[in-house]
Amino acid sequence: MGIYLNSSAACTLYRSEAAKPYFIDKSMLIKELLPLVDQGNHYICITRPRRFGKTMAAHMIAAFFSRGADSRALFDSLEIGKSEEYPAHLNQHNVIHISFNKLPKQCRNYTQYMERIERQLAEDLREAYPDTPVRNTDAIWDILMKIHASNHNERFIFVLDEWDFIFHRDFITQQNKEDYIDFLSSLLKDQPYVELAYMTGILPIAKYSSGSELNMFLEYTMATREKYSEYFGFTESEVDLLYQRYLQSHPVSSITREGLALWYDGYQTISGKKLYNPRSVTAALSDGQLGSYWTSSGPYDEIFYYIERDIDQVRNDLALMISGTPVPANIQEYAATSMDLTTRDEIFSAMVVYGFLTYTDGCVFIPNKELMDKFADMIRKEPSLGYIHRLAKESRRMLDATKAGDTAAMLQILEFAHNTESPLLSYSNEAELAAVIRLVYLEARDFYQIEREDKAGIGYVDFIFYPLKKEDDCIILELKVDHSAEEAIQQIKDRGYALRFEGKLGEKKQYTGRILAVGIAYSKEDKKHNCKIEILR
């Protein structure tokens with residue numbers, strides 16, 4: 001038992017995860033891998049954004065197959081324990097498990113990084129197979145070949161986590177990247193000692209292996225392949241299960257099921273299956289509070305560095321996405337290198353790979369409130385974003401003016417939004433007017449859950465603002481193009497939209513503040529807005 005070969009570390013780490021209250025059993029992933037292990041020489045790479053369960057799955061796989069620890073008590077209680085093939089594979093394989101995100105002490109260059117990995121793996125192999133003659137000059141693949149030849153075709157499962165970690169380090173050169181790809185190719189490709197190579201990362205390997213070096217891998221991404229998708233991210237039914245666990249220990253709930261969807265849903269597989277960010281869901285339930293749990297460091301900062309450099313290309317698209325409108329894009333996952341983005345599509349491709357945008361039906365969009373808040377913070381802080389920044393700065397004044405009934409101030413802000421230098425919208429229909437409304441009420445998202453086309457009364461209201469503080473003002477906003485604001489107000493009353501805040505008959509009212517009916521109209525003929533506000537309660 002060594003550091004990399006048949007280590008007990010993965011079992012210890014996965015056992016800790018399985019003991020947590022919001023653990024989800026993803027062990028049937030192992031069942032899908034068993035035929036590949038039986039056949040041998042299979043290579044799969046799972047690429048997903050950060051915090052989507054890649055490392056936990058790697059620990060699970062290593063803990064299940066490895067001879068390094070007895071994990072029967074752990075897996076007996078999981079779904080894989082019901083499988084017929086389960087006993088034949090549990091703790092019956094040699095596993096080489098390497099997490100590439102570990103650096104040697106005071107690491108300053110690629111040579112130091114790789115020497116640590118190669119030296120430790122060689123020590124593990126020599127200790128486990130002392131009768132196999134090896135030389136100090138032997139490469140790792142030479143040692144493995146000798147073990148395979150002299151120990152009756154001994155084979156190994158490779159579990160390689162965060163294969164692309166090194167590409168995010170400042171000290172790595174282009175030549176280092178090529179050398180690293182050559183190392184992985186020499187270690188794994190066409191080697192008889194490989195039972196299975198299971199690799200994870202964020203960046204797609206196709207970008208770095210343009211030739212034949214790693215073409216033996218089948219790569220599974222969220223945007224291009226459905227297989228294995230259910231094991232990375234939480235499905236709707238899994239979030240339902242976790243929420244029921246939460247309610248059992250929190251009879252007085254501060255989190256709603258709808259809140260979890262608003263904050264952490266929005267990702268999709270290629271078939272349209274919805275997925276939640278698992279890290280954020282479990283953190284929110286553990287803390288009993290909805291909020292942002294996804295770190296904003298690392299690649300996130302790099303992505304916005306490029307947005308700042310290429311403002312003219314992406315400014316209007318950002319405005320549309322922040323207003324809730326999907327944007328057509330040609331997503332090429334192989335283009336998502338850390339520092340080589342030069343076009344609009346490459347920028348958006350990288351943001352999809354890193355999980356800051358989601359992609360479906362040929363369009364990119366911001367998936368949920370957790371990410372929307374990050375985008376909103378960015379545009380509020382970045383003067384270089386031009387008119388988007390100025391609209392965001394005006395959005396708090398727009399909310400205050402609405403609650404104060406100051407239609408003159410509202411009209412001033414709307415005219416500014418309409419007369420901006422941006423070619424964002426032709427502004428000729430209600431959908432385009434709605435996009436601008438989302439921008440001018442950006443700040444309201446800190447105080448309201450804002451729903452578009454929500455069911456209310458006997459119809460669907462354009463916008464409804466649910467206050468996070470139940471005693472705050474409730475806002476119902478109806479839009480009209482080439483009709484009057486008075487007509488918008490009348491529609492709100494005629495269709496009973498305010499019933500959305502009244503609650504069921506005989507029940508205590510959930511929302512106790514005023515209910516404001518807000519009509520906003522725009523005339524294409526004279527290109528003027530009109531606003532009207534009426535207090536309904």
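The exercises below, each with a worked solution, concern a predicted model.

**Exercise 1. Overall make-up**

Find how many helices and strands the chain has, and what share of its residues is buried.

Solution.
- Step 1. Counting the secondary structure elements gives 19 helices and 15 strands.
- Step 2. Of the 537 residues in the chain, 55% are buried.
- Step 3. The C-alpha trace spans about 90 × 55 × 40 Å along the principal axes of the chain.
- Step 4. Take the contacts with a separation of 6 or more: residues 24 or more positions apart account for 70% of them.

**Exercise 2. The crossing of α1 and α3**

Determine at what angle helices α1 and α3 cross, and which residues make the contact.

Solution.
- Step 1. Locate the two helices: α1 covers residues 9-18 and α3 covers residues 54-65.
- Step 2. Their axes come within 8 Å and cross at roughly 120°. This angle makes α1 oblique to α3.
- Step 3. The hand of the crossing between α1 and α3 is left-handed.
- Step 4. On the α1 side the contact is made by Ala10, Cys11, Leu13, Tyr14 and Glu17, and on the α3 side by Met56, His59, Met60, Ala62 and Ala63.
- Step 5. Sorted by class, the contact of α1 with α3 has eight nonpolar residues, one polar and one charged.

**Exercise 3. The packing of α7 and α8**

State whether α7 is roughly parallel or oblique to α8, and list the residues through which these helices touch.

Solution.
- Step 1. Helix α7 covers residues 140-150, and helix α8 covers residues 174-188.
- Step 2. α7 and α8 pack at an angle of about 5°, and their axes are 9 Å apart.
- Step 3. Angles under 35 degrees count as roughly parallel, so α7 is roughly parallel to α8.
- Step 4. Ile140, Trp141 and Leu144 of α7 meet Phe183, Ser186 and Leu187 of α8.
- Step 5. The residues in the contact of α7 with α8 divide into five nonpolar, one polar and no charged.

**Exercise 4. The nonpolar cores**

Identify the residues with the most contacts inside the largest nonpolar core, and the helix that gives the most to this core.

Solution.
- Step 1. The largest nonpolar core has 71 residues. Those with the most contacts inside it are Phe348, Ile437, Val440, Tyr441 and Ile520.
- Step 2. Helix α16, residues 387-404, gives the most to this core, with seven residues.
- Step 3. Take isoleucine 520 and leave aside its neighbours within four places in sequence. Among the residues in contact with isoleucine 520 are Met410, Leu414, Leu433, Ile437 and Tyr441. Its contacts also include Glu478, Lys480 and Asn530.
- Step 4. Apart from the largest core lies another, of 42 residues, and Ile98, Tyr180, Tyr193 and Met216 are among them.
- Step 5. As background, nonpolar side chains in soluble globular proteins tend to be buried together.

**Exercise 5. A covered helix**

Work out how many residues of helix α14 are buried, and which they are.

Solution.
- Step 1. Helix α14 covers residues 344-353 and is mostly covered, with ten of its ten residues buried.
- Step 2. The buried residues of α14 include charged ones, Arg344, Asp345 and Glu346. Nonpolar ones, including Ile347, Phe348 and Met351, are also on the list.
- Step 3. Glycine 355 follows α14 and has a positive phi, near 90°.

**Exercise 6. Positive phi outside glycine**

Asparagine 6 and glutamine 106 each have a positive phi. Decide for each whether it is buried or exposed.

Solution.
- Step 1. For reference, most residues other than glycine have a negative phi.
- Step 2. Asparagine 6, in the segment before α1, has a phi of about 50°.
- Step 3. With 10% relative accessibility, asparagine 6 counts as buried, because the cut-off is under 20%.
- Step 4. Glutamine 106 has a phi near 50° and sits in the loop between β2 and α6.
- Step 5. The relative accessible area of glutamine 106 is 58%, so glutamine 106 is exposed, the cut-off being over 50%.

**Exercise 7. Two loop residues**

Establish where proline 133 and isoleucine 172 lie, and whether each is buried or exposed.

Solution.
- Step 1. Proline 133 is in the loop between α6 and α7. Its relative accessible area of 61% makes proline 133 exposed.
- Step 2. From proline 133 to glycine 266 is 133 residues in sequence and 55 Å in space, C-alpha to C-alpha.
- Step 3. Isoleucine 172 lies in the loop between β3 and α8. At 11% relative accessibility, isoleucine 172 is buried.
- Step 4. Beyond its neighbours within four places in sequence, isoleucine 172 is in contact with Tyr110, Ile166 and Lys177.

Technical notes. Residues are numbered from 1 along each chain as its sequence is written. This is a predicted model: local features need pLDDT of at least 70, side-chain atom pairs count only at pLDDT 80 or more; totals for chains, interfaces and linings use all residues. Side-chain values use heavy atoms; hydrogens and water are left out. Axes are lines fitted to C-alpha atoms, for helices over the stretch in contact, and angles run from 0 to 180 degrees between N-to-C directions. Helices (H or I, at least four residues) and strands (E, at least two) are DSSP runs, numbered from the N terminus. Angles under 35 degrees count as roughly parallel, over 145 as roughly antiparallel, 65 to 115 as roughly perpendicular and the rest as oblique. A crossing is left-handed if the near helix is turned anticlockwise from the far one by less than a right angle, and right-handed if clockwise. Contact means heavy atoms within 4.5 Å. A nonpolar core is a set of buried Ala, Val, Leu, Ile, Met, Phe, Trp, Tyr and Cys residues joined through side-chain atoms within 4.5 Å. Buried means under 20% relative accessible area, exposed over 50%, partly exposed in between (1.4 Å probe, protein chains only).
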